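I opened a new notebook page for this model. My plan was to look up surface, pocket and charge pairs in turn.

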Amino acid sequence: IRQISDKTLLLSFFPSMQRWTQDYLMVFDYPETILQPNSDEQNGSLEAEFIAQSAIAKVELRWP
């Protein structure tokens, strides 16, 4: 998880970003075998979950 300091590159994708928001980039690493199209393992079988919670909000993100 990294805080985004230069938001100009991402404004076209995320128009709600503004000067006063704190925005973060999350990158998830997947095993290389999952990303290979000819892998013996079933593609897309990996699941991921991210939960962020504070006193005023909670966000749960899940990928099948």
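**Entry 1: the nonpolar patch.** I began on the surface of this predicted model. I found a nonpolar patch there, formed by Ile1, Tyr24, Met26, Phe28 and Trp63. Together these residues have about 500 Å² of accessible area.

I then checked two of the members. Ile1 sits in the segment before β1, which covers 2-3. Its relative accessibility is 70%, so Ile1 counts as exposed, the cut-off being over 50%. Trp63 belongs to strand β4. With 33% relative accessibility, Trp63 counts as partly exposed. Both values clear the patch cut-off of over 30% relative accessible area.

I also took a distance from Trp63. Its C-alpha atom is 9.0 Å from that of Phe50, and the two residues are 13 apart along the chain.

**Entry 2: the fold.** I stepped back to list the elements. The protein chain has one helix and four strands. Read from the N terminus, their order is β-β-α-β-β. I looked up burial for the chain as well. Of its 64 residues, 11% are buried.

**Entry 3: Leu25.** I picked Leu25 in strand β2, which spans residues 24-25. Leu25 has 46% relative accessibility and counts as partly exposed. I asked how far Leu25 lies from Arg2 in space. The C-alpha to C-alpha distance is 5.3 Å, while 23 residues separate the two in sequence.

**Entry 4: the largest pocket.** Next I turned to open space. The largest pocket holds about 210 Å³. Which residues line the largest pocket? I noted Ile1, Tyr24, Met26, Phe50, Ala52, Val59 and Leu61. Strands β3 and β4 are the elements that give two or more residues to this lining. I sorted the lining by class: seven residues are nonpolar, none is polar and none is charged.

I compared this list with the patch from my opening entry. Ile1, Tyr24 and Met26 appear in the pocket lining, and these residues also appear in the nonpolar patch. Phe50, whose distance to Trp63 I had taken, is one of the lining residues too.

**Entry 5: salt bridges.** Last came the charged pairs. I counted four salt bridges, with a cut-off of 4 Å between side-chain nitrogen and carboxyl oxygen.

I started with Glu49 and Arg62. Their side chains meet in a salt bridge at 2.9 Å, N to O. Why does this pair tie together separate parts of the chain? Glu49 lies in strand β3 (residues 48-53) and Arg62 in strand β4 (residues 58-63), so the pair links parts that are 13 residues apart in sequence. Arg62 is exposed, at a relative accessible area of 52%.

Arg62 has a further partner. It forms a salt bridge with Glu60, and the closest N and O atoms are 2.8 Å apart. I followed Glu60 to Lys58. That pair is a salt bridge as well, with its closest N and O atoms 3.1 Å apart.

I checked exposure for both residues of the Lys58 pair. Lys58 has 48% relative accessibility and counts as partly exposed. Glu60 is partly exposed, with a relative accessible area of 37%. Through shared partners, the salt bridges join Glu49, Lys58, Glu60 and Arg62 into one network.

**Entry 6: recap.** I kept two items for later. One is the pocket lining, with its seven nonpolar residues. The other is the network of Glu49, Lys58, Glu60 and Arg62.

Note on methods. Residues numbered from 1 in each chain as written. Predicted model: local features only at pLDDT ≥ 70, side-chain atom pairs only at ≥ 80, totals over all residues. Heavy atoms only, no water. Buried < 20%, exposed > 50% of the residue type's maximum accessible area, 1.4 Å probe, protein only. 1 Å grid on protein atoms, 1.4 Å probe; cavity = no way out; pocket = protein on both sides within 12 Å on 5 of 7 lines; lining within 4 Å. Points joined across faces, edges and corners; volume = space filled by probe spheres on them. Nonpolar A, V, L, I, M, F, W, Y, C, P; charged D, E, K, R; others polar. Patch = residues over 30% accessible without salt bridge, like charges linked within 9 Å, V, L, I, M, F, W, Y side chains within 5 Å. Areas by Shrake-Rupley, 256 points an atom, 1.4 Å probe, with all protein chains shown as cover.
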